[in-house]
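Fancy a quick tour of a protein model? Have a look first, then we'll talk.

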Amino acid sequence: MLEFFHAKKPLFPPVGFLCSLLALGVGMAYSSHLVLYGYIAALALLFALFGLWRAVLGAGLMMGCFGLLTGVLSCLTAGSFASFFETLGRCLLLGVAAVPMLSLPAADMTRSLRQMKCPGALTLGILVTIRFIPVLVGEVRQIREAMKTRGAGSAWRRPQTIYRAFFIPLTMRILGISDALSLSLETRGFRLKNKDASVFRPVRFGWRDGVFAVGTGILSVLLGVLA
């Protein structure tokens with residue numbers, strides 16, 4: 001699921017993470033509609049030039065639809081079109097600003113944390129959390145297909161059926177995945193206190209990452225000047 005947002009040439013993970021936080025924080029600090037939408041468009045163009053166009057399209061479309069819905073609700077509640085454009089702009093900003101972080105492969109993120117001598121518990125927790133989401137979605141899909149095969153696909157309104165046909169199998173699958181994960185870590189000799197662990201494919205900071213960070217910083221400074 002998250003692989004759709006990954007870029008062919010990913011950024012240096014700390015750069016992508018910090019640029020996402022910078023873009024989101026700076027954009028949220030200003031409420032001028034025209035300036036904010038211009039900032040979002042400039043960020044989207046910059047990210048697309050660095051090969052993140054798939055993530056820009058995916059995140060922009062997803063948050064744009066969500067922004068339209070919440071914007072209409074905000075307009076009906078506040079009684080002004082200004083609240084609609086403000087809500088839509090915030091949602092678009094959230095989607096576009098998250099692109100550098102969404103485009104980072106989980107393996108590169110954990111490798112960079114290992115290179116920076118971060119605790120093993122932190123890197124393992126981040127990796128398991130990121131990788132567990134698509135696994136959980138796949139398990140839910142399989143259980144729903146099994147329910148349809150057994151004729152229980154249309155019985156979502158009955159709590160007893162949902163409990164027996166969905167929640168119990170899902171819980172058993174999660175426990176099985178947890179046991180398999182713990183055994184795989186043990187067989188690979190993983191230790192939380194192993195501070196001298198090496199990285200098979202180190203992630204390096206390059207000139208492309210520097211240009212990307214400088215470009216994001218320049219756009220953020222221009223936003224402050226124009227606003």
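What follows is a short chat between a visitor and a guide.

Visitor: Before we start, what kind of model is this, and how are residues numbered?
Guide: Residues are numbered from 1 along each chain as its sequence is written. Side-chain values use heavy atoms, without hydrogens and water, and local features need pLDDT of at least 70, side-chain atom pairs pLDDT 80 or more, while totals for chains, interfaces and linings use all residues, since this is a predicted model.

Visitor: How many helices and strands are there?
Guide: Elements here are DSSP runs, numbered from the N terminus: helices are H or I with at least four residues, strands E with at least two. From the N terminus on, the order reads α-α-α-α-α-α-α-α-α. The tally is 9 helices and 0 strands.

Visitor: Are H1 and H2 roughly parallel or antiparallel?
Guide: The axes (lines fitted to C-alpha atoms over the stretch in contact, with angles from 0 to 180 degrees between N-to-C directions) of H1 (residues 13-28) and H2 (residues 33-49) come within 10 Å and cross at roughly 165 degrees. Angles over 145 degrees count as roughly antiparallel. H1 and H2 are therefore roughly antiparallel.

Visitor: Which residues of H2 meet H1?
Guide: Contact means heavy atoms within 4.5 Å. On the H1 side you'll find Leu-22, Ala-23, Val-26 and Gly-27. Their partners in H2 are Leu-36, Tyr-39 and Leu-43.

Visitor: Which element gives the most to the largest nonpolar core?
Guide: Such a core is a set of buried Ala, Val, Leu, Ile, Met, Phe, Trp, Tyr and Cys residues joined through side-chain atoms within 4.5 Å, with buried meaning under 20% relative accessible area (1.4 Å probe, protein chains only). Of its 35 residues, Tyr-39, Leu-43, Phe-47, Leu-52, Val-99 and Phe-212 touch the most other members. H1, H2, H3 (53-78), H4 (81-97), H6 (106-115) and H9 (207-226) each give two or more residues. The top contributor, with 7 residues, is H2.

Visitor: What does Val-99 contact, leaving aside neighbours within four places in sequence?
Guide: Val-99 is one of the core members that touch the most others. Beyond those sequence neighbours, its contacts are Phe-47, Leu-52, Ala-55, Val-56 and Ala-59.

Visitor: How many residues of H6 are buried?
Guide: The buried set runs Ala-106, Asp-108, Met-109, Thr-110, Ser-112, Leu-113 and Arg-114. H6 is largely enclosed by the rest of the structure, because the buried count is 7 of the 10.

How values were computed: Angles under 35 degrees count as roughly parallel, over 145 as roughly antiparallel, 65 to 115 as roughly perpendicular and the rest as oblique. Buried means under 20% relative accessible area, exposed over 50%, partly exposed in between (1.4 Å probe, protein chains only).
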